[in-house]
Amino acid sequence: MNTHRPDPLSATFSALADPTRRAILARLALGEATVTQLAAPFEMSLPGVSKHLRVLQRAGLIEQGRDAQWRPCRLEAEPLRNVAAWVEQYRRFWEESFDRLDDYLRELQAQENES
Amino acid sequence: MTTQTPSAATAGQTIANRMTLTLVSDREIAVTRAFDAPRSLVFEACNDCEHMKNWWGPRGFDLIECTMDLRPGGKYRFVQKAPDGSIHGFNGVYREISAPERIVFTQIYEPIPGQVVVVTTTLTETDGKTALSQNLLFSSKEARDGMVASGMERGEAESFERLDELLAGLLDSAGSGSATGTAANQMVVTREFDAPRDLLWKAWTEPDRLARWWGPPGSAIEVARLDLRPGGVFHYSMKTPNGPLMWGLFAYREVVPTERIVFVNSFSDAAGGLTRNPWIATWPLEILNTLTLTEHGGKTTLTLRGGPINATAEELQAFEAGRAGMQGGFAGTFEKLDRYLAEALARA
């Protein structure tokens, strides 16, 4: 059954499924941060946060600096933008269908009123 | 829709099943409480009169009147009877609803109509447990202190204990059926149409009419089959201007004329088999949707709830990420998405 190959979007979606990881990305959207800074709002150990960071890194969603002491994390916009684009498309499917339904219903009611 | 940094920041935090109350600023109270239940169930229990009658208010208080028009701009009113027989009314307006993640409403205790409290409730789910964070913003420090002095902490804690008991009961009764875990993972769309319900029903159930609106502008639908009955299907192809020809399938499970349709929605092929989402291979193969139509004053509210069924762990993950993106934006990282959502909301 599971014959599909992993695609980049699937990897990003899987990384985004966790609320802690989404919160980390939200923090990084404000600017780069160290692991310690990222861990601060959560009651979580540094290794715990590092585990989440590794998942985000593997999905290409963040990048970690080389500087051994500081190593700030940075958001990588590209994969997130692809996901956002897909989500927008999905949402738009419903919104635009409903817009059309709205127009169609108006049209029907206008016809009814005429006859 | 706006950035939800405060809610995002609480995600992953350890919140206990005992209520905590913190005075976060001169005009604010923050309350947290965890529940051993999926988020959608907690959301439902907090925003449905039938459920609220069973828990809202401290022990011994009865919710004797409950009306709610759960949509942005919609009003609610709750009337409570205290053990001493006194009657207490509360009312307010919903400002923002992102089920099952976040809801913002105003609240007025009717004897003091000048004091409006803005209540923001955020629900985050981790491993089937839900953390509720509530922020109450008062018009002044005096109003806030007055609320604290009134014994609100004990009352609220008791109310949440009752909610806890109700959720446990609901989960027990759900467990005896065929639990699928779909409750935790649902997307909800609501929209109001300026048309009677009968007309919406026809638009959803008659092939020619469905073909007129289903799909984005410029897409052309061909209906291969529409058999509106439990076990029947709606099988159609869709051609969009720049995209390939795609097939879709609704498998009907329940049909209650003019009121409700339950159907499983999938990508499909010409033969009517199920296929993978062409963009995201891990997207759930089957999404169970419940369409509900309710009419009030000649207008009809459409609610569509969708959640994966028979899903693998990775399908559930993909759906959860999509759902979070759809309902919160990815924490406002993409202005374009947020702007679109804001416009869509303004239009709706």
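Count a residue as buried when its relative accessible area is under 20%. By that yardstick nine of the ten residues of α2(A) are buried, so this helix is largely enclosed by the rest of the structure. The residues in question are A:P19, A:T20, A:R21, A:R22, A:A23, A:I24, A:L25, A:A26 and A:L28. At the start of α2(A) there is also a local polar touch, with a side-chain oxygen of A:D18 coming to within 2.8 Å of the backbone nitrogen of A:T20. Keep in mind throughout that this is a predicted model.

**Where the chains meet**

Let's look at the interface next. Chain A and chain B bury about 5,300 Å² between them, with carbon and sulfur atoms giving 66% of that area. On the chain A side, A:R91, A:F98 and A:R100 lose the most area to chain B, and together they make up 13% of what that side buries. In residue terms, 49 residues from chain A and 60 residues from chain B take part in the contact.

There's polar chemistry here too. Twelve residue pairs are in polar contact across the interface of chain A and chain B, both partners being at pLDDT 80 or more. Which elements of chain A give two or more residues to the side that touches chain B? They are α1 (8–16), α2 (19–28) and α5 (77–114). The largest share comes from α5(A), with 28 residues. Sorted by class, this side of chain A has 26 nonpolar, eight polar and 15 charged residues.

**Salt bridges, within and between chains**

Side chains of opposite charge can pair when their charged atoms come close. A search of the whole structure turns up 28 salt bridges over all chains, and the count between chain A and chain B is five. Here are four salt bridges from the model, with their N to O distances.

| Salt bridge | N to O distance |
|---|---|
| B:R191 and A:D99 | 2.7 Å |
| A:E32 and A:R74 | 2.9 Å |
| A:R106 and A:D102 | 3.2 Å |
| B:R191 and A:D102 | 3.7 Å |

Take the pair of A:E32 and A:R74. A:E32 lies in the loop between α2 and α3 (35–39) of chain A, while A:R74 is in strand β2 (residues 73–75) of chain A, so the bridge ties together parts that are 42 residues apart in sequence. A:E32 is partly exposed, with a relative accessible area of 42%, and A:R74 is partly exposed as well, at 34%.

The pair of A:R106 and A:D102 is a more local affair: these residues sit four apart in helix α5 of chain A, separated by about one helical turn. An α-helix has 3.6 residues a turn, so residues three or four places apart point the same way. Is A:D102 buried or exposed? A:D102 is buried, with a relative accessible area of 14%, whereas A:R106 counts as partly exposed at 47%.

A:D102 also meets B:R191 in a salt bridge. That pair crosses between chains, running from B:R191 in strand β9 (residues 187–193) of chain B to A:D102 in helix α5 of chain A. At 8% relative accessibility, B:R191 counts as buried, and B:R191 forms a salt bridge with A:D99 too. Put the pieces together and you get a network of salt bridges that links A:E95, A:D99, A:D102, A:R106 and B:R191.

**Nonpolar cores and chain B**

Now for the nonpolar side of things. The largest nonpolar core has 35 residues, and B:W55, B:L136, B:F160, B:L163 and B:L167 have the most contacts inside it. What does B:W55 touch, leaving aside its neighbours within four places in sequence? B:W55 is in contact with B:A45, B:C46, B:S159, B:F160, B:R162, B:L163 and B:L166. Of these partners, B:F160 and B:L163 are also on the list of residues with the most contacts inside the core.

Apart from that core lies another, of 32 residues, including A:F13, A:A23, A:A59 and A:L61. A:A23 is one of the buried residues of α2(A), the helix we began with.

As for chain B overall, it has nine helices and 16 strands. Of its 348 residues, 49% count as buried. Among contacts in chain B between residues at least 6 apart in sequence, 46% join residues at least 24 apart.

Methods: Residues numbered from 1 in each chain as written. Chains lettered and ligands numbered in written order. Predicted model: local features only at pLDDT ≥ 70, side-chain atom pairs only at ≥ 80, totals over all residues. Heavy atoms only, no water. Contact = heavy atoms within 4.5 Å. Buried area = accessible area lost by both parts, 1.4 Å probe. Salt bridge = Lys/Arg side-chain N within 4 Å of Asp/Glu carboxyl O. Polar contact = N/O pair within 3.5 Å; in protein donor to acceptor, adjacent residues only side chain to side chain. Nonpolar A, V, L, I, M, F, W, Y, C, P; charged D, E, K, R; others polar. Core = buried A, V, L, I, M, F, W, Y, C linked by side-chain atoms within 4.5 Å. Buried < 20%, exposed > 50% of the residue type's maximum accessible area, 1.4 Å probe, protein only.
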